Each structure stands twice: as C-alpha cells, then as structure tokens.
Amino acid sequence: MNYAIIGFGSVGQALARAFARNNLEVAVASRRPPEALAPQAKAIGSTVVPATMQDAIQADIIFLAVPFEQHREVARSLASWQGKTIIDAMNGFGVSSAVVAKAFPGARLVKGFNHLFARTLASDPSVQGGRRVVFLSSDDEAAAAPVAALAEQLGFAPVHLGKFEEGGALVQARADKSWGPLIFQDLFKQEA
C-alpha cells in the first residue's frame with residue numbers, strides 16, 4: 001500500500017506530519033513543482049517525499065487536501081480512478097462528498113480528516129491516555145475499512161459515521177455557511 005497527499009497547504013502539511021511521526025512514507029504534490037515543496041517536506045521529515053502530480057496519483061490511497069474548487073482539476077489527471085481510494089479532506093460549503101465522488105470515476109471515496117483544524121490535525125493524536133478521533137464516512141462500506149486501518153496506523157481513533165448523506169452530513173460544511181455539528185470537535189477515545 002502506498003500513499004499520497006495532493007495539496008500541501010496547512011491541511012496537507014498536517015497530514016504529512018502524521019505520516020512522518022509514524023515513519024510512514026508519503027508522496028506530497030501540489031500545483032507547484034516538487035522542488036518547491038522540498039524545503040517544507042524536508043523540515044517535516046525524511047518520509048515526506050515531494051512528487052509530481054502524475055507520480056502522486058499513482059498511489060493506492062490519496063488524500064485530497066486542495067481547496068474545494070480545485071478538486072475537479074485534480075480529477076482530470078486520470079481518465080479512470082479505478083482501484084484508488086480517495087480521502088476527501090476538503091470542506092466545500094453545501095456540497096456532499098457524493099458530488100466529489102462523481103468527479104473521480106472508479107475511485108472509492110471516503111470523507112475523513114476534514115473536521116479538525118490543521119494545527120490540531122498536525123499535533124500528536126495521543127493525548128492523556130486516549131487517541132484523537134477522526135470521523136470517516138463513505139457510500140462504499142468496504143472503502144472505509146482500509147482508511148480506518150490507516151487512521152489507526154497514524155495514531156488516530158477512527159469513527160465511522162455511515163453514508164455521506166447520513167453521518168457524513170455531521171462533518172459537512174453547509175450551504176448557509178454553517179458547519180455540521182461535529183466539525184471542529186476535538187474528541188478523544190480513551191484506551192481501555
């Protein structure tokens with residue numbers, strides 16, 4: 001299994017820190033060339049590898065951490081996303097991840113890692129004997145399992161909320177510019 005983060009702003013860098021903290025290799029890409037990302041990637045850790053967009057989209061599991069309006073541009077990078085799992089870490093006002101899924105034909109799409117502020121997401125998820133919760137939702141039940149396993153590897157406690165229109169709405173930015181009730185909730189699961 002290999003991983004990539006597309007988008008290297010505050011959320012992309014926060015995700016990269018989680019990979020580096022756990023000594024897992026991840027490719028990072030943006031509209032900028034890899035050499036422009038290299039100084040920040042190196043500062044985060046040696047397992048964070050700057051890549052071209054074409055190289056990053058070859059990964060099995062891809063975090064989409066671009067501004068919402070750029071997701072279609074990323075989607076056009078491949079004619080078919082068959083066999084890929086996309087983790088939608090974006091927040092588009094009033095737009096369900098089901099809409100994002102349509103832009104990535106063949107991909108298995110999971111909404112996740114989007115409800116925390118970037119600075120919180122970047123910090124160690126182990127806190128006072130517990131692990132920081134990340135919420136996941138997907139219309140494809142089987143797609144959520146490998147993302148939950150990755151979340152565990154990164155030190156988080158995944159909580160599956162169900163389908164996009166049901167539980168996913170709890171972590172969705174709404175059309176009226178308000179937020180779902182679980183957005184920005186920094187919750188912890190205590191270890192038994």
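**A walk from the surface to the core**

Let's start at glutamate 166, which sits in the loop between strand S9 (157–160) and strand S10 (188–190). Keep in mind as you look around that this is a predicted model. Is glutamate 166 buried or exposed? With a relative accessible area of 53%, glutamate 166 is exposed, because that value is over the 50% cut-off. Glutamate 166 also has company: together with Asp139, Glu141 and Glu165, Glu166 belongs to a patch of negative charge on the surface.

Now let's step inside. In soluble globular proteins, nonpolar side chains tend to be buried together. Here, the largest nonpolar core holds 35 residues, and the ones that touch the most other members are Ile5, Phe19, Val28, Val48 and Phe113. Which elements supply this core with at least two residues each? They are strands S1 (3–6), S2 (26–29), S4 (61–64) and S8 (130–137), along with helices H1 (10–21), H2 (34–44), H6 (118–122) and H7 (141–153). Helix H1 gives the most, with six residues.

Charged residues have their own story. Side chains of opposite charge can pair when their charged atoms come close. How many salt bridges does a search of the whole structure find? The search finds five, and we can visit some of them.

One of these pairs joins arginine 31 to glutamate 73, with the closest N and O atoms 3.6 Å apart. Arginine 31 lies in the loop between S2 and H2, while glutamate 73 lies in helix H4 (residues 71–75), so this pair ties together parts that are 42 residues apart in sequence. Arginine 31 is exposed, at 59% relative accessible area, and glutamate 73 is partly exposed, at 36%.

Next, look for lysine 111 and aspartate 88, which form a salt bridge with their closest N and O atoms 3.4 Å apart. Because lysine 111 is in strand S6 (residues 108–112) and aspartate 88 is in strand S5 (residues 85–88), the pair links parts 23 residues apart in sequence. Are these two charged residues buried or exposed? Lysine 111 counts as buried at 2% relative accessibility, and aspartate 88 is buried too, at 1%.

Strand S6 also takes part in our last stop: its arginine 108 pairs with aspartate 140, from the loop between S8 and H7, so parts 32 residues apart in sequence are tied together. The side chains of aspartate 140 and arginine 108 meet at 3.2 Å, N to O. Aspartate 140 is partly exposed at 27% relative accessibility, and arginine 108 is partly exposed at 30%.

Notes
Residues numbered from 1 in each chain as written. Predicted model: local features only at pLDDT ≥ 70, side-chain atom pairs only at ≥ 80, totals over all residues. Heavy atoms only, no water. Patch = residues over 30% accessible without salt bridge, like charges linked within 9 Å, V, L, I, M, F, W, Y side chains within 5 Å. Areas by Shrake-Rupley, 256 points an atom, 1.4 Å probe, with all protein chains shown as cover. Salt bridge = Lys/Arg side-chain N within 4 Å of Asp/Glu carboxyl O. Lys, Arg positive; Asp, Glu negative; His and termini not counted. Charge placed at Lys NZ, Arg CZ, Asp CG, Glu CD. Helix = DSSP H or I, 4+ residues; strand = E, 2+ residues; numbered from the N terminus. Buried < 20%, exposed > 50% of the residue type's maximum accessible area, 1.4 Å probe, protein only. Core = buried A, V, L, I, M, F, W, Y, C linked by side-chain atoms within 4.5 Å.
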